[in-house]
Amino acid sequence: MKKYLYLLISSFSLISCYTYRIKSENEATAQNTREVRTKKMDEPVATKAIANVQANVSAIEPGSTKRNRITKDKAPRSMSVQEKLEINKYFKIEVGGKPYKIQVDKWESDTLVAHVIHKPKKILKFHKNQIDQSTIAERRFSQPVADIITVVAYAGVGIGIWALVR
């Protein structure tokens with residue numbers, strides 16, 4: 001019974017609630033829209049009204065229709081590597097076919113300066129053209145994985161108590 005308990009405890013030490021997900025263009029656009037909305041909510045009402053009037057006046061161009069303006073605004077734009085790799089966040093990237101789990105420190109012109117996660121002394125520098133954009137994955141907390149770990153932990157404690165009582 002002891003070896004099963006040790007096996008269970010050691011398997012929990014290897015499990016993490018964080019997963020790496022590739023951020024799609026739609027998620028990035030939605031996140032940027034949310035940030036803009038929250039910033040606008042913080043502004044006074046009079047400032048919002050003035051900004052809306054100015055935006056409407058500047059948006060009207062001779063010969064343009066409302067439909068044309070809407071399609072111009074909704075045109076998808078691709079994010080650059082510098083926009084995807086935000087400072088002080090964790091990412092999994094691929095450079096030259098080799099994967100790296102990094103924390104972004106800063107951008108020096110076109111060069112990414114980062115370090116390996118939990119190893120701040122191991123500094124990595126990559127040019128933005130070296131980084132494979134399709135493999136940039138951001139580390140996020142995974143609620144389903146955390147829930148599974150919690151349920152398994154409770155089941156393990158329950159089995160342990162049952163084994164002691166029996």
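A search of the whole structure, which is a predicted model, finds 5 salt bridges. Several of them can be followed residue by residue, and a good place to start is Glu138. The side chain of this residue meets that of Lys89 in a salt bridge, with 3.5 Å from N to O. The two partners come from distant parts of the chain, 49 residues apart: Lys89 belongs to the loop between α5 (81-84) and β2 (90-95), whereas Glu138 lies in strand β6 (residues 137-141). Their surroundings can be compared with the help of relative accessibility. Glu138 counts as buried, at 10%, while Lys89 is partly exposed, with a relative accessible area of 27%.

Glu138 has another partner as well. It forms a salt bridge with Arg140, and here the closest N and O atoms are 3.6 Å apart. Arg140 counts as partly exposed, at 24% relative accessibility. Through shared partners, salt bridges join Glu86, Lys89, Glu138 and Arg140 into one network. As a general point, side chains of opposite charge can pair when their charged atoms come close.

A further salt bridge is found between the side chains of Lys106 and Glu108, at 3.2 Å from N to O. Both residues are partly exposed: the relative accessible area is 40% for Lys106 and 35% for Glu108.

Attention now turns to the strands, beginning with β4 (residues 111-116). Of its 6 residues, 5 are buried, so strand β4 is largely enclosed by the rest of the structure. Strand β3 (residues 98-108) runs antiparallel to β4, and 6 bridges join the two. One facing pair helps to locate this arrangement in the model: Ile102 stands opposite Val116 in β4. Together β3 and β4 form a hairpin with 2 residues between them, and Ser109 in the turn has a positive phi of about 60°.

Strand β4 also pairs with strand β5 (residues 119-127); these two run antiparallel and are joined by 6 bridges. Here His115 stands opposite Ile123 in β5. A hairpin is again formed, this time by β4 and β5, with 2 residues between them. In a regular strand, side chains alternate between the two faces of the sheet.

Within strand β5, Lys122 offers a useful point of reference. Leaving aside residues up to four places away in sequence, Lys122 touches Ala114, His115 and Val116. Lys122 is nevertheless partly exposed, with a relative accessible area of 48%; the cut-off for an exposed residue is over 50%, so this value stays in the class in between.

The backbone angles deserve a closer look too. Most residues other than glycine have a negative phi. Against this background, two loop residues can be picked out. Asn88 is not a glycine, yet has a positive phi of about 70°. Asn88 is placed in the loop between α5 and β2, the loop that also holds Lys89 of the salt bridge to Glu138. At 53% relative accessibility, Asn88 counts as exposed. The other residue is His118, with a positive phi near 65° in a residue other than glycine. His118 is found in the loop between β4 and β5, in the turn of their hairpin. With 68% relative accessibility, His118 counts as exposed, whereas 5 of the 6 residues of strand β4 are buried.

How values were computed. Residues are numbered from 1 along each chain as its sequence is written. This is a predicted model: local features need pLDDT of at least 70, side-chain atom pairs count only at pLDDT 80 or more; totals for chains, interfaces and linings use all residues. Side-chain values use heavy atoms; hydrogens and water are left out. A salt bridge is a side-chain nitrogen of Lys or Arg within 4 Å of a carboxyl oxygen of Asp or Glu. Helices (H or I, at least four residues) and strands (E, at least two) are DSSP runs, numbered from the N terminus. Buried means under 20% relative accessible area, exposed over 50%, partly exposed in between (1.4 Å probe, protein chains only). Two strands pair if DSSP finds at least two bridges between them. Contact means heavy atoms within 4.5 Å.
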